[in-house]
Amino acid sequence: MLRKVFLVEDETVIREGLRDRIPWDQFGYRFVGEAADGEMALPLIRKTKPDVLITDIKMPFMDGLSLSKIVSKEFPRMKIIIISGYDDFEYARQAIEVGVDQYLLKPVTRMKLKNVLLELKDKIEQDQEQEDYRTQFQNEIQEYEQFSRRRFMEKILEGELSVKEIYDEAERQSIEITAAGYNLLFLYLQEKNEDKMAGFLRKQDEVLHYFLRYPQYLLFRWNVNSYGVLVKGELSQLPDLTDNCVEYVKRTCEGEEQMDWYVAVGKPVERLSLLSQCYQSVNHYFAYRFMVPGLHVLTEDTLESYVNSQGENRLAAVDSSQLNPEIIKDFLTKGSSSEIQEFVQGYLGGMSKALESRMFRDYVVLHIRFTTIMYLESIGVEKECYTERIEGKYQDTSIKASQVAGYCVDILQSAIDIRDEKNESQGNSAMRKVLDYIDENYYKETISLNEVADAVNMSANYLSAIFSQNMQKTFVEYITCKRVDRAKKLLRETDKSSGEIAQEVGYKDPHYFSYVFKKKSGCSPREYRSKGTA
C-alpha cells in the first residue's frame with residue numbers, strides 16, 4: 001500500500017526538483033500535492049490527508065512551524081518532515097515542540113530523503129498495527145464494559161449509591177452522566193420462534209444501535225430479554241428525546257411477526273438522586289405488559305384508559321379476561337422478583353370493592369393458587385418441592401379483602417423462587433458444560449460465543465447474559481485470561497518462542513498476542529520470561 005506525501009516549499013526550483021526527481025513509488029509513496037506556502041497548503045492538506053508532510057521551515061504568509069503546529073493538532077497521526085537551510089538549534093527545538101518527526105538540512109539528497117521516508121513508512125505501519133490491535137482489543141472487552149454498566153445502573157436505580165459514588169464510578173467507567181434532567185425507558189425484546197432467530201437478532205441489533213448513535217441515550221442491559229435506556233439532557237429536551245426513541249422502536253418493531261416487544265417510559269426527574277423514583281414509575285408501567293399484551297408502548301397516558309376501565313369496583317364490572325390464567329403463567333415464565341409488587345398491583349387493579357365479596361375473593365385466591373401450581377408442574381417441579389412452600393401458605397383460603405394482595409405477592413414470590421432455583425440448578429449444569437467446552441477448546445483461534453452456545457444447545461444471547469452474571473467476566477475476557485495464564489506457564493516452563501506460544505494458545509498473529517499479553521500482565525512475554533528466570 002502506497003502512503004501519501006505532500007510537499008510545501010516556496011522555492012520553485014527545489015519544489016519541482018523534489019517533486020519530479022524523487023522516485024516516490026519506489027520508496028512506497030504516492031505524491032498527492034504541493035504548495036508554495038503554508039497558507040496555500042493547509043486547505044489542500046485537509047482535502048488530501050497525506051500520511052507524510054514535507055515542508056520548508058521559512059516561507060512567506062505561513063511558515064513551516066506554524067503550518068506544522070496546526071497540522072499536528074488536526075491530524076496527530078500525520079508525520080512531518082521539516083527541511084531547512086538553517087543549522088540553528090532554536091529552529092530544531094521549536095520543531096520538536098510542535099511534534100515534527102524529522103529535521104533535515106538543505107541540500108536534501110535523494111539518499112537522505114529515501115532513508116527518512118522508509119523509516120517513517122515503517123513507523124506509520126507500526127502505528128497502524130498498534131491501532132488495529134487497540135481496536136480489536138477494545139471490541140473484545142466491549143462486552144465487559146456493558147456488563148459493568150449494567151451493574152452500575154442497577155445500583156443507581158435501586159438507590160444503593162450516593163451522588164458522589166455515582167459520579168466517581170461514572171468517571172471510572174468513562175460514562176458521561178451529568179445532565180439537567182433524566183428519564184428512563186425499559187425495552188423488552190423477545191423472539192417468538194427460534195427458527196426465525198436470525199431475523200429477530202437483526203431487528204434487535206437495529207433497535208439497540210439506534211441508542212448507541214446518540215450521546216443523549218445511555219443503553220444498558222437489564223436482564224436476558226430487557227434493556228434500559230437512560231435519557232439525559234435539558235429538561236425542555238427530554239419529552240422530544242423520549243418521544244423520538246419510542247417512535248423509532250415502534251416504527252422498527254411494529255408488525256414484526258418474529259418478535260414480542262414492549263417499551264415502557266418513566267416520569268422525568270431533575271436529579272441523579274431521584275432516578276430511583278423514575279425507576280419505580282417505569283417498572284410499574286413495564287409490569288402491565290402481562291395484563292395488556294396488545295399495548296406495546298406503556299406510559300402513564302397509554303395506560304390511562306386501561307386503569308380507568310378498572311375503576312368500576314362493582315363485582316359485575318370486573319372483566320373476566322383479567323382473571324385469565326395465561327396472564328399469571330406468562331408472568332411466572334418471564335417476570336422477575338423485582339416486578340412482583342407492580343404486577344400484583346396492576347393485576348388486582350379495580351377489584352378492591354369486588355374483593356369484598358367473599359365468594360369472589362375465594363375464587364381469586366384459588367385461581368392464583370391453582371394456576372401457580374399448574375405452572376410449576378408444567379416446568380417439571382415435583383409436588384414435594386412446592387407443597388410446603390406454596391400450599392403451606394394461607395391454609396385457610398378464606399382471607400380478608402385487605403390480605404389478597406399480600407397473598408398474591410407471597411404465592412408468586414415462592415413460585416418465582418422455586419423457578420429460579422430450578423433454573424440456577426440447570427444453569428449450573430449448563431455452565432459446567434460451557435466451562436468444560438472452553439477448557440477443551442480455548443486454544444482454538446476460531447472459538448466464539450456462538451460456537452459454545454451451539455455446543456451446549458443454548459441461545460448465544462442467553463449464554464452471553466448468564467455467563468457474565470455467573471462468572472463476573474464476559475465470555476471474551478474469560479477466554480483471554482485462560483490463554484494468558486496458559487502462555488505464562490509455557491513461558492516459565494518451556495523454551496518455546498513467543499510466536500510458537502501464541503499459536504499454541506489461540507493467537508494466529510504473534511504481535512497481537514504480545515499486545516494482549518502486555519495489556520493483561522503489564523509486561524511483554526519476553527520481559528515476563530526474563531523475570532521468571534532471573
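## Basis and overall composition

Two strands are taken as paired where DSSP finds at least two bridges between them. The model described here is predicted, and on this criterion one set of five strands forms an open sheet of mixed pairing, ordered S7-S8-S6-S9-S10.

The protein as a whole contains 21 helices and 10 strands. Its chain has 534 residues, of which 46% count as buried. Among contacts between residues at least 6 apart in sequence, 69% link residues at least 24 apart.

## The parallel sheet

A further open sheet of five strands runs in the order S2-S1-S3-S4-S5, and its pairing is parallel. Its edges are strand S2 (29-35) and strand S5 (102-105), each of which pairs on one side only. With direction ignored, neighbouring strands of this sheet are turned by 20° against each other on average. At one edge, strand S4 (residues 79-84) pairs with S5 in the parallel sense over four bridges. Serine 84 has leucine 105 of S5 as its bridge partner, and isoleucine 81 is partnered by glutamine 102 of S5.

Two helices may be described against this sheet. Helix H2 (residues 38-48) packs on the sheet, with contacts to strand S1 (3-8), S2 and strand S3 (52-56), and its direction makes about 170° with that of S1. Helix H3 (residues 64-74) also packs on the sheet; H3 touches S1, S3 and S4, and its direction makes about 160° with that of S3.

## The two faces of strand S5

In a regular strand, side chains alternate between the two faces of the sheet. Strand S5 has a covered face carrying Gln102 and Leu104, and an uncovered face carrying Tyr103 and Leu105. The bridge partners named above thus fall on both faces: glutamine 102, the partner of isoleucine 81, belongs to the covered face, whereas leucine 105, the partner of serine 84, belongs to the uncovered face.

## The mixed sheet

In the sheet of mixed pairing, the edge positions are held by strand S7 (217-221) and strand S10 (297-298), each pairing on one side only. Strand S9 (residues 259-265) pairs with S10 in the parallel sense over two bridges. Valine 263 stands opposite valine 297 of S10.

Helix H9 (residues 275-286) packs on this sheet and touches strand S6 (181-191), strand S8 (226-233), S9 and S10. The direction of H9 makes about 35° with that of S6.

## A helix pair

The axes of helix H11 (residues 325-334) and helix H12 (residues 340-347) come within 12 Å and cross at roughly 170°. Because angles over 145 degrees count as roughly antiparallel, H11 is classed as roughly antiparallel to H12. On the H11 side, Ile327, Ile328 and Phe331 make the contact, and on the H12 side Ile340, Phe343 and Tyr347 do so.

## Lysine 121 in helix H5

Lysine 121 lies in helix H5 (residues 110-157). Its relative accessible area is 15%, so lysine 121 counts as buried, the cut-off being under 20%. The side chains of lysine 121 and glutamate 125 are joined by a polar contact of 2.7 Å. Leaving aside residues up to four places away in sequence, lysine 121 touches Met1, Arg3, Phe27, Gly28 and Tyr29.

## Cysteines

The number of disulfides found is zero. Cysteine 408 is buried, with a relative accessible area of 2%, and cysteine 523 is buried at 4%.

## Loop residues with positive phi

Most residues other than glycine have a negative phi. Phenylalanine 61, in the loop between S3 and H3, has a positive phi near 70°. With a relative accessible area of 71%, phenylalanine 61 is exposed.

Serine 174 occupies the loop between helix H6 (163-172) and S6, and its phi is likewise positive, near 55°. Serine 174 counts as exposed at 68% relative accessibility.

## Arginine 526 in helix H21

Arginine 526 is placed in helix H21 (residues 525-533). Its relative accessible area of 70% makes arginine 526 exposed. Arginine 526 and serine 514 are 12 residues apart along the chain, and their C-alpha atoms are separated by 8.9 Å.

Conventions. Residues numbered from 1 in each chain as written. Predicted model: local features only at pLDDT ≥ 70, side-chain atom pairs only at ≥ 80, totals over all residues. Heavy atoms only, no water. Contact = heavy atoms within 4.5 Å. Axes fitted to C-alpha atoms, helices over the stretch in contact; angles between N-to-C directions. Buried < 20%, exposed > 50% of the residue type's maximum accessible area, 1.4 Å probe, protein only. Polar contact = N/O pair within 3.5 Å; in protein donor to acceptor, adjacent residues only side chain to side chain. Disulfide = S-S within 2.5 Å. Parallel < 35°, antiparallel > 145°, perpendicular 65-115°, else oblique.
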